[in-house]
Amino acid sequence: MKDLGRIRLFCTDLGPAAAPPLVLVHGWGGDGREWSRHAEELAGPFRVIVPDLRGHGRSEVPQDGNTPVEMADDLAALVAALGAGPVVAVGHSMGGQVVNLLAVRHPQAVRSVVALDPAHGAHGTEVDGIPGRLAEYQAHGARAAASFVARAFARDAPAGLRTAHVRTMLGTPDHVVAQAYAGMYTDPGAVGVRPDSEEYLRRRPQPALTVWTSEEAAAWERTTLHVPGSRVDHWAGTGHYLHEERAERTIRLLGDWTTETFASGS
């Protein structure tokens, strides 16, 4: 447990202190355990830091402020406390939003960004459904969110993965589930809806790699790229938890991207 003054975060820190650093960030209702295989295989060539975000896993659970903006500021404090920056900041889903906010709000802490099926770019019917979903999460918390998680996997996802994530979501405090969702999409300054996403992505100064499971979302995000070396990939036939459903592919991707980032001096 790392006491950062503003929050106490649980994290693991693997690999040589002098190696190129990665921070692997989980999503909404998850925790750092989902990065266990990635961390083991990447530690050695890289320094791999895996936090539990505020309100999640073994980290402190505040009554208020369980939002991506606060989580990004927590990570900036963590990177500074560990003497690890600038890092390659990797995030899945809500974690993808968190690492992009980290890159915008604390550019000195981030060398490059990897966002995997990030929680931004919402549009159309997805946006129309946000108020109703938020009301469900405010009323029923993790039980309502677990239904979303259960539907988020491809049919050929590894056995046990769905159950593991449903259990983790059900263990997340109800108020954290609701606050984090509102922080992604409806709070003042939230960046999850497409026009707001475009504005904040234009402010990101670092090279970025985004991987989408939606071809439409990938095509949209390619229109936002403005930093040399950035790119958007599309992984077809994969569920939302692509980093675990395609773990070997993700590990290769992160290793190659991090090596290239540090070799280029980005």
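**Figure 1. The largest pocket and the residues around it.** In this predicted model, 33 residues line the largest pocket. Those nearest the centre of this pocket are Pro118, Glu126, Phe148, Tyr185 and His240. Four helices give two or more residues each to the lining: H5 (130–140), H6 (142–150), H8 (174–185) and H10 (215–222). The space inside comes to about 590 Å³. What kinds of residue make up the lining of the largest pocket? There are 15 nonpolar residues, twelve polar ones and six charged ones.

**Figure 2. The second largest pocket.** Here the space is about 350 Å³. The lining has 21 residues, and Phe10, Asp31, Gly32, Arg33 and Asp52 are the closest to the centre of the pocket. At least two lining residues come from each of strand S3 (11–14), helix H1 (36–42) and helix H7 (161–170). By type, the lining of the second largest pocket holds six nonpolar, ten polar and five charged residues.

**Figure 3. Ser36 in helix H1.** Let us stay with helix H1, where Ser36 is found. Is Ser36 buried or exposed? Ser36 falls in between: its relative accessible area is 40%, so it counts as partly exposed. Look also for Val50, which is 14 residues from Ser36 along the chain. The C-alpha atoms of Ser36 and Val50 are separated by 8.6 Å.

**Figure 4. The whole chain, for orientation.** It helps to step back before the next close-ups. The chain has twelve helices and nine strands. The C-alpha trace spans about 45 × 40 × 40 Å along its principal axes. A compact globule of 266 residues would have a radius of gyration near 18 Å, and the 17 Å of this chain agrees with that. Of the 266 residues, 58% are buried. Among contacts with a separation of 6 or more, 71% are between residues 24 or more positions apart.

**Figure 5. Helix H9 and its buried side.** Which residues of helix H9 (residues 194–202) are buried? They are Arg194, Ser197, Tyr200 and Leu201. These four lie on the same side of H9, because they cover an arc of only 125° around its axis. A general rule helps here: an α-helix has 3.6 residues a turn, so residues three or four places apart point the same way. Pro195 and Arg202 are exposed, on the face of H9 turned away from the buried side. The cover over the buried residues of H9 includes H3 and H10.

**Figure 6. Asn100 in helix H3.** Asn100 sits in helix H3 (residues 94–105). With a relative accessible area of 0%, Asn100 is buried. Leaving out residues up to four places away in sequence, Asn100 touches Val113, Ala115, His120, Tyr200, Leu201 and Arg204. You may recognise Tyr200 and Leu201 from the previous view, where they are among the buried residues of H9.

**Figure 7. Arg222 and His234, two residues in contact.** Arg222 belongs to helix H10, while His234 is part of strand S9 (residues 231–234). Both are partly exposed: Arg222 has a relative accessible area of 41%, and His234 has 28%. Not counting neighbours within four places in sequence, Arg222 is in contact with Val232, Asp233 and His234. On the same basis, His234 touches Trp212, Thr213, Ser214, Glu215, Ala218 and Arg222. From C-alpha to C-alpha, Arg222 is 9.2 Å from Thr210, a residue twelve places away in sequence. His234 and Arg162, 72 residues apart in sequence, are 22 Å apart in space by the C-alpha to C-alpha distance.

**Figure 8. Some unusual backbone geometry.** Most residues other than glycine have a negative phi, and most peptide bonds are trans. Where is there a cis peptide bond? A cis bond joins Gly85 and Pro86, with omega about -5°. Pro86 lies in the loop between helix H2 (68–82) and strand S6 (87–92). Ser93 has a positive phi of about 60°, although it is not a glycine. Ser93 is in the loop between S6 and H3 and is buried, at 12% relative accessible area. Asp117, also not a glycine, has a positive phi of about 45°. Asp117 sits in the loop between strand S7 (110–116) and helix H4 (125–128), where its 6% relative accessibility counts as buried.

Technical notes
Residues are numbered from 1 along each chain as its sequence is written. This is a predicted model: local features need pLDDT of at least 70, side-chain atom pairs count only at pLDDT 80 or more; totals for chains, interfaces and linings use all residues. Side-chain values use heavy atoms; hydrogens and water are left out. On a 1 Å grid over the protein atoms alone, a cavity is a set of points where a 1.4 Å probe fits but cannot get out, and a pocket is an open set with protein on both sides within 12 Å along at least five of seven lines; lining residues have an atom within 4 Å of a point. Grid points are joined across faces, edges and corners, and a volume is the space filled by probe spheres set on the points. Ala, Val, Leu, Ile, Met, Phe, Trp, Tyr, Cys and Pro count as nonpolar, Asp, Glu, Lys and Arg as charged, and the others, Gly among them, as polar. Buried means under 20% relative accessible area, exposed over 50%, partly exposed in between (1.4 Å probe, protein chains only). Contact means heavy atoms within 4.5 Å. The arc is that of the directions from the helix axis to the C-beta atoms. The radius of gyration is taken over C-alpha atoms; the globule rule is 2.2 Å times the number of residues to the power 0.38.
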